[in-house]
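Visitor: I have a protein structure to look at and a few questions. Could you walk me through it?

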Amino acid sequence: MTTHGPDGFRIYTLDAGIAGDGRHDLAAAVSEHRCTASAVYTRSRFAGPSVTLSRTVAEPQGVVVASRNANVATGPAGAADAAELQQLAGRGAGAPGPLLVASTGVIGRRYPIEVMRQRLSAPWPEPGSWQDFATAIMTTDTRPKLAFGRVGEASIVGVAKGVGMIEPDMATMLAFFFTDAQLPAAELDAVFRAVVGVSFNALSIDTDTSTSDTAAIFANGLAGPVPGPEFRTALTEVALQLVEQIARDGEGASKLLKVTVGEARDDAQAKRVAKSIVNSPLIKTMVHGADPNWGRVVMAIGKCSDELDIDPGQVRVRLCDRPVYPALPDEAELAELRELMSADTVSIAVDLQIGDGTFTAYGCDLTAGYVHLNSAYTT
């Protein structure tokens, strides 16, 4: 897989004084030429000023990200701070048009806007790398999340952050894609929303939806036109790489969990059942302990009580590709399953035998580390 990013974008990172610890806590990526874009945002009723401001930007030419301060539930002053950040970053980065604004971090605290104003008004550093961008937007992430792809002569780079407060109602906490492919705005929007549906909207760490979720794509067209179906395939591959990176880096996580539900009435039903399984604390702890307690899987399926066409007698369940229901495993098979479930990736597959719907959900195990981290997050 190529690691060459698209042409025509500049990346900046700097210490804007947001966190006050000397680490780069602000990142911006801007197109050097006019570009088309698409974005989706959280449906949270407590969406932050960054989200509400970005929703009004018709033709964004890049994004600025403030890390470790969500600037959420901060009232009119917080909204004014977000607007000022947009203006300061646009000037500092030399953007050819308005920027989206994204924020991530603690809720209920305003930006230290006086410090940020001073630092962002000074000359900006020389452009950096995509790795720099991915690192600067981290909060409790333990590693940057970055993926590359290619379609024809065009390149795609995806950058994301997020390890907790992830049960998306559109995307993950923050995810941005940049490409030099050329697509009409309407086609880019349709492709992006379809990709989000099978990638970030298939991801869950802890069932909690962020107030700051933002996912966007920027296409400057420098590499020329590409076929929409091929672009969708390449973008999906990049997005799923990021999804797996996020799930593996879930707060306290030690394992990636993949749940595929097939032969459902339709894809929507498959998604509901897969999310019921991937979000179950009992299944997440089962995965952590490498305990092949498949009864928890049928429990999670059974919770979907409105799905009246699910017939327990027709359901088939596999753990790590081994049948466990209705063909009950013996002790030797359970011992083999314990070994398989000790790996860093655990799969659960369910066939409902109703129709041809399918969906794969991504998550992680639940460990004492998650409780420890989040019980002391702000202190």
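Visitor: Which elements help to cover the buried residues of α9?

Guide: This is a predicted model, in which local features need pLDDT of at least 70, side-chain atom pairs count only at pLDDT 80 or more, and totals for chains, interfaces and linings use all residues. Residues are numbered from 1 along each chain as its sequence is written, and side-chain values use heavy atoms, with hydrogens and water left out. Helices (DSSP runs of H or I, at least four residues) and strands (E, at least two) are numbered from the N terminus. The cover over the buried residues of α9 includes α7 (267-278), α8 (281-288), β11 (316-319) and β13 (345-351).

Visitor: Which residues of α9 are buried?

Guide: Buried means under 20% relative accessible area, exposed over 50%, and partly exposed in between (1.4 Å probe, protein chains only). Helix α9 spans residues 295-302. Its buried residues fall within an arc of 100° seen down the axis, so they line one face of the helix. That arc is taken from the directions from the helix axis to the C-beta atoms. The buried residues are V297, A300 and I301.

Visitor: Which helix gives the largest share of the largest nonpolar core?

Guide: A nonpolar core is a set of buried Ala, Val, Leu, Ile, Met, Phe, Trp, Tyr and Cys residues joined through side-chain atoms within 4.5 Å. The largest one has 70 residues, and F177, F231, I277, V297, I348 and V350 have the most contacts inside it. Its largest share is nine residues, from residues 228-248, helix α6.

Visitor: How many residues are in the second core?

Guide: This core is separate from the largest one. Among its members are A29, A47, L100 and L174. The count is 28 residues.

Visitor: At what angle do the axes of α5 and α6 cross?

Guide: Axes are lines fitted to C-alpha atoms, for helices over the stretch in contact, and angles run from 0 to 180 degrees between N-to-C directions. Helix α5 covers residues 185-198. The two axes come within 10 Å and cross at roughly 35°.

Visitor: Which residues of α6 make the contact with α5?

Guide: Contact means heavy atoms within 4.5 Å. From α5 come E187, L188, V191, F192, A194, V195 and V198. From α6 come G228, F231, R232, L235, T236, A239 and L240.

Visitor: Is T236 buried or exposed?

Guide: T236 is found in helix α6. Leaving aside neighbours within four places in sequence, T236 is in contact with V195 and V198. Its relative accessibility is 16%, so T236 counts as buried.

Visitor: What is the relative accessible area of P292?

Guide: P292 lies in the loop between α8 and α9. Beyond four places in sequence, P292 touches L319, L334, L337, R338 and M341. P292 is buried, with a relative accessible area of 5%.

Visitor: Where is M165, and what is its phi?

Guide: M165 sits in the loop between β7 (154-161) and β8 (174-179). At 34% relative accessibility, M165 counts as partly exposed. Phi of M165 is positive, in a residue other than glycine, and is near 55°.

Visitor: What is the phi of R68?

Guide: R68 is in the loop between β4 (62-67) and α2 (75-93). R68 is not a glycine, yet its phi is positive, at about 75°.

Visitor: Which is the peptide bond from Y325 to P326, cis or trans?

Guide: P326 lies in the loop between β12 (322-325) and α10 (331-340). Omega of this bond is near 5°. The peptide bond is cis.
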